[in-house]
Amino acid sequence: MKWKRSERLVDMTYYLLEHPHQLIPLTYFSELYQSAKSSISEDLTIVKETFEEKGIGLLMTVPGAAGGVKYIPKMSEPEVRSVIQDLKAELEHSDRLLPGGYLFMTDLLGNPDLINRVGKVFASAFADQQIDVIMTVATKGISIAHAIARHLNVPVVVVRRDSKVTEGSTVSINYVSGSSRRIQTMVLSKRSMKSGQRVLITDDFMKVGGTMNGMKNLLEEFDCQLAGIAVLVEAEHADETLVDDYYSLVKLHEVNEKDRTIALSEGNYFSKRGHDK
């Protein structure tokens with residue numbers, strides 16, 4: 001079958017979008033489309049320029065015999081701000097108020113379009129770092145973890161509160177919950193991670209950071225490194241947080257249960273991005 005250029009461009013773009021952060025040799029496309037490498041290079045230049053112009057991401061070229069191309073998902077600042085504004089608009093509804101200063105977010109965490117965009121926001125922040133695994137704690141952070149993992153093309157591991165027979169041998173630690181100051185337990189299968197891996201941990205909501213700190217401690221048991229922390233919503237808290245190096249999209253300042261009002265602002269994403277650069 002002889003592919004037309006228009007057909008190659010569509011198929012090539014689809015393949016790249018489905019395989020982010022994966023180095024693809026030019027020979028793969030050349031053999032697939034039965035085209036010369038020079039033609040494939042011209043096609044990729046068109047894709048690269050379109051991706052960058054539309055803010056889809058970057059197309060990196062790696063020279064050499066073992067080289068190829070790699071698609072890096074990225075979001076522009078206006079796109080990220082749009083995601084944050086959409087989150088704030090949804091979270092400001094008074095019917096989301098829950099006792100104890102929490103917000104009902106289950107519907108947002110189950111919204112595939114919104115969570116996919118959230119995942120791309122965080123993946124953009126960590127695009128230049130080596131991330132081997134995304135870690136979260138059951139259950140509400142799972143959709144965020146998978147969304148980030150989708151755009152970084154890495155696996156997800158889920159920490160649980162108790163061991164299950166389907167997990168096999170496990171590692172268990174006790175940690176102090178930051179908000180309630182209670183002793184709680186985290187459990188993770190020994191087969192979940194390999195020594196030396198760099199791990200990005202994420203969750204939907206952070207008050208003082210006790211859960212995040214517990215996951216950090218769990219990484220030490222696996223001899224893994226913390227690569228970063230990504231939080232959907234952080235709560236302003238009188239006490240000092242147990243973690244200080246993290247990204248957040250939205251900050252919850254105050255919940256007035258009497259007046260049924262919710263005070264929110266943009267999280268630290270942009271200030272953290274500026275600092276990291």
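## Buried positions, a mixed sheet and a helix pair

With a relative accessibility of 7%, Met193 counts as buried, since the cut-off for that class is under 20% relative accessible area. The value, like the others in this report, is computed from a predicted model. Met193 belongs to the loop between β8 (183-189) and β9, and, when residues up to four places away in sequence are not counted, Met193 touches Val133, Met135, Val157, Leu188, Val199, Leu219, Phe222 and Cys224. Thr27, by contrast, stands 166 residues from Met193 along the chain, and the C-alpha atoms of the two residues are separated by 33 Å.

The sheet comes next. Six strands, in the order β6-β5-β9-β10-β11-β12, form an open sheet whose pairing is mixed. Its edges are formed by β6 (156-159) and β12 (261-266), each of which pairs on one side only, and the twist from one strand to the next averages 25°. Towards the β6 edge, β5 and β6 pair in the parallel sense over 4 bridges, and Val137 stands opposite Val159 in β6. The connection is also described by its hand, in that β5, α7 and β6 make a right-handed β-α-β unit. Towards the other edge, strand β11 (residues 247-256) pairs with β12 in the antiparallel sense over 6 bridges, where the bridge partner of Val250 is Glu266 in β12.

Two helices are placed against these strands. Helix α4 (residues 77-91) lies across β10 (225-235), β11 and β12, and runs at about 170° to β12. Helix α7 (residues 142-152) packs on the sheet as well, touching β5 (133-137), β6, β9 (198-206) and β10, with its direction making about 140° with that of β9.

A separate pairing involves strand β1 (residues 57-62) and β2, which are joined in the antiparallel sense over 6 bridges; within this pair, Val62 has Gly68 in β2 as its bridge partner. The hairpin of β1 and β2 has 5 residues between the strands, and Gly64 in the hairpin takes a positive phi near 105°. Strand β2 (residues 68-73) is mostly covered, with 5 of its 6 residues buried.

Which helix has an axis that comes within 10 Å of the axis of helix α1 (residues 5-18)? The partner is helix α3 (residues 37-54), and the two axes cross at roughly 60°. Two packed helices are described by the angle between their axes and the distance between the axes. The class of the crossing follows from the angle: α1 and α3 are oblique to each other, because roughly perpendicular begins at 65 degrees and roughly parallel covers angles under 35 degrees. The crossing of α1 and α3 is right-handed. On the α1 side the contact involves Arg5, Arg8, Leu9, Met12, Thr13, Leu16 and Leu17, which meet Ser39, Ile40, Glu42, Asp43, Leu44, Ile46, Val47 and Phe51 in α3.

Helix α6 (residues 112-125) contains Ser124, a residue that is buried, with a relative accessible area of 2%. Leaving aside residues up to four places away in sequence, Ser124 touches Pro73, Lys74, Met75, Tyr269 and Arg273.

Some backbone details deserve separate mention. Most residues other than glycine have a negative phi, and most peptide bonds are trans. Against this background, His21 has a positive phi of about 60° although it is not a glycine, and Arg260, also not a glycine, has a positive phi of about 55°. His21 lies in the loop between α1 and α2 (26-33), whereas Arg260 is placed in the loop between β11 and β12. The peptide bond from Ala138 to Thr139 is cis, with omega near 10°, and Thr139 is in the loop between β5 and α7.

The accessibility of the residues discussed singly can be set side by side.

| Residue | Relative accessibility | Class |
|---|---|---|
| Met193 | 7% | buried |
| Ser124 | 2% | buried |
| His21 | 21% | partly exposed |
| Arg260 | 41% | partly exposed |

His21, at 21%, is classed as partly exposed because the buried class requires a value under 20%, and Arg260, at 41%, is likewise partly exposed, since exposed means over 50%.

Conventions
Residues are numbered from 1 along each chain as its sequence is written. This is a predicted model: local features need pLDDT of at least 70, side-chain atom pairs count only at pLDDT 80 or more; totals for chains, interfaces and linings use all residues. Side-chain values use heavy atoms; hydrogens and water are left out. Two strands pair if DSSP finds at least two bridges between them. Axes are lines fitted to C-alpha atoms, for helices over the stretch in contact, and angles run from 0 to 180 degrees between N-to-C directions. Contact means heavy atoms within 4.5 Å. A crossover is right-handed if, with the strands pointing away from the viewer, the path from the first strand over the helix to the second runs clockwise. Buried means under 20% relative accessible area, exposed over 50%, partly exposed in between (1.4 Å probe, protein chains only). Angles under 35 degrees count as roughly parallel, over 145 as roughly antiparallel, 65 to 115 as roughly perpendicular and the rest as oblique. A crossing is left-handed if the near helix is turned anticlockwise from the far one by less than a right angle, and right-handed if clockwise.
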